[in-house]
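User: I am new to this structure and would like to go through it step by step. Could you take my questions in turn and explain the terms as they come up?

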Amino acid sequence: MATDVQAATDAVRARLKGRVPTVAIVLGSGLGPLADQVADPLRIPYTEIPGFHVPTVPGHKGELVCGTLGGKTVLCQSGRFHAYEGHSADVTVLPVRMFGALGIGTVILTNAAGGVNPKFGPGTLMLIADHINLTGRNPLVGPQREGETRFPDMTSAYDKALKALARKVAKERGVALAEGVYMGLLGPTYETPAEVKFIATLGGDAVGMSTVLEVIAARARGMKCLGISTITNAAAGISDQELNHNEVMEVAAKVGGELGRLVEGIVAGLSA
């Protein structure tokens, strides 16, 4: 795994041609257009990065985009490869480990999620206050990786200062921002109504199939994390509507502008 991270890092660094990104932005289902806001973009297809996989899920493009956003040099991950596609936890978090090896200190993770809290309807942007990992996976299992803490403290998995900045930017820019707990499941099935009730009982406000493994890996490397979920649908049993991925992408596209304004403001407000 260390070899995979180094190979990916070397390949990306060579393609960046001297650009030094300080912030990484991970784009979830249907949220790829946010990368179009990046000025002077340099695009690196996943096919040119050792160890990276082309996403098989609609709404995940499969490229890194480096450029300027909010006055900072950023590196956008446009498209994930998920554990439910058959990838190990190690492979799933390879991009995050590469960010750390590049010297990036802050990661902003976005995702599309189902709303468990009945107050969070489709189109709601939810700041992730904390998460619950029910994927059954952990990318830190196995030998300790160089540069990673063996037992990372997850008390503030989502950085307090970054969350405060997100609230401030949302208020200044008139972007409605809810806040709640994200529940990470393996997928790829949507949850049953009984499972959604279980999630609510455990304290989950939204549910999805990404993010939690990436945050664990990032925290083990000392990176600061901020998470924002786009609630694209009511989870099963909350409404009578059937769930489908097309709906997820449609709602994500509709609120993409607001999410973009929020993320751009957050990046602009970072001290470094």
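The questions below deal with cores, ring pairs, cavities and backbone details.

User: What kind of model is this, and from which number are the residues counted along each chain?

Analyst: This is a predicted model, in which local features need pLDDT of at least 70 and side-chain atom pairs count only at pLDDT 80 or more, while totals for chains, interfaces and linings use all residues. Side-chain values use heavy atoms, with hydrogens and water left out, and residues are numbered along each chain, as its sequence is written, from 1.

User: How many residues does the largest nonpolar core have, and which helix gives the most to this core?

Analyst: A nonpolar core is a set of buried Ala, Val, Leu, Ile, Met, Phe, Trp, Tyr and Cys residues joined through side-chain atoms within 4.5 Å, where buried means under 20% relative accessible area, exposed over 50%, and partly exposed in between, with a 1.4 Å probe and protein chains only. The largest such core has 42 residues, and those with the most contacts inside it include Val12, Ile49, Leu64 and Met98. Helices (H or I, at least four residues) and strands (E, at least two) are DSSP runs, numbered from the N terminus, and the helix that gives the most to this core, with five residues, is α6 (residues 212-220).

User: How many residues are in the other core that lies apart from it?

Analyst: Among the members of this other core, which lies apart from the largest one, are Ile25, Leu31, Ala35 and Ala166. Its number of residues is 30.

User: Is phenylalanine 52 buried or exposed, and which residues is it in contact with beyond its neighbours in sequence?

Analyst: Phenylalanine 52 has 10% relative accessibility and therefore counts as buried. Contact means heavy atoms within 4.5 Å, and neighbours within four places in sequence are left aside. On that basis phenylalanine 52 is in contact with Ala8, Tyr46, Leu64, Phe81, Leu94, Pro95 and Met98.

User: Why is the pair of tyrosine 46 and phenylalanine 52 given the type it has, and what is that type?

Analyst: Rings of Phe, Tyr and Trp (its six-membered ring) pair if their centres lie within 6.5 Å, and planes under 30 degrees apart count as stacked, over 60 as edge-to-face and the rest as tilted. By this rule there are three aromatic pairs. In the pair of tyrosine 46 and phenylalanine 52, the ring centres are 5.2 Å apart and the planes stand at 75 degrees, so the type is edge-to-face.

User: How many residues apart are tyrosine 46 and phenylalanine 81, which also form a pair?

Analyst: Their rings form an edge-to-face pair, at 5.9 Å centre to centre and with 85 degrees between the planes. The pair links distant parts of the chain, with tyrosine 46 in the loop between β2 (39-45) and β3 (63-69) and phenylalanine 81 in the loop between β4 (72-78) and α2 (89-92). Ring pairs link Tyr46, Phe52 and Phe81 into a cluster, and the separation of tyrosine 46 and phenylalanine 81 along the chain is 35 residues.

User: Which residues lie nearest the centre of the largest cavity?

Analyst: On a 1 Å grid over the protein atoms alone, a cavity is a set of points where a 1.4 Å probe fits but cannot get out, and lining residues have an atom within 4 Å of a point. Grid points are joined across faces, edges and corners, and a volume is the space filled by probe spheres set on the points. The largest cavity holds about 150 Å³ of space, and α6 gives the largest share of its lining, three residues. Of the 19 lining residues, those nearest its centre are Ala83, Thr92, Met209, Ser210 and Thr211.

User: Is threonine 211 buried or exposed, and what is its phi?

Analyst: Threonine 211 is found in the loop between β8 (206-208) and α6, and its 1% relative accessibility makes it count as buried. Its phi is positive although the residue is other than glycine, with a value near 75 degrees.

User: Where is lysine 17, and is it buried or exposed?

Analyst: Lysine 17 is not a glycine, yet it has a positive phi of about 55 degrees. Its place is in the loop between α1 (2-16) and β1 (23-27), and at 72% relative accessibility lysine 17 counts as exposed.

User: What is the omega of the peptide bond from glycine 187 to proline 188?

Analyst: Proline 188 is found in the loop between β7 (178-184) and α5 (193-202). The peptide bond that reaches it from glycine 187 is cis, with omega near 5 degrees.

Note on methods: On a 1 Å grid over the protein atoms alone, a cavity is a set of points where a 1.4 Å probe fits but cannot get out, and a pocket is an open set with protein on both sides within 12 Å along at least five of seven lines; lining residues have an atom within 4 Å of a point.
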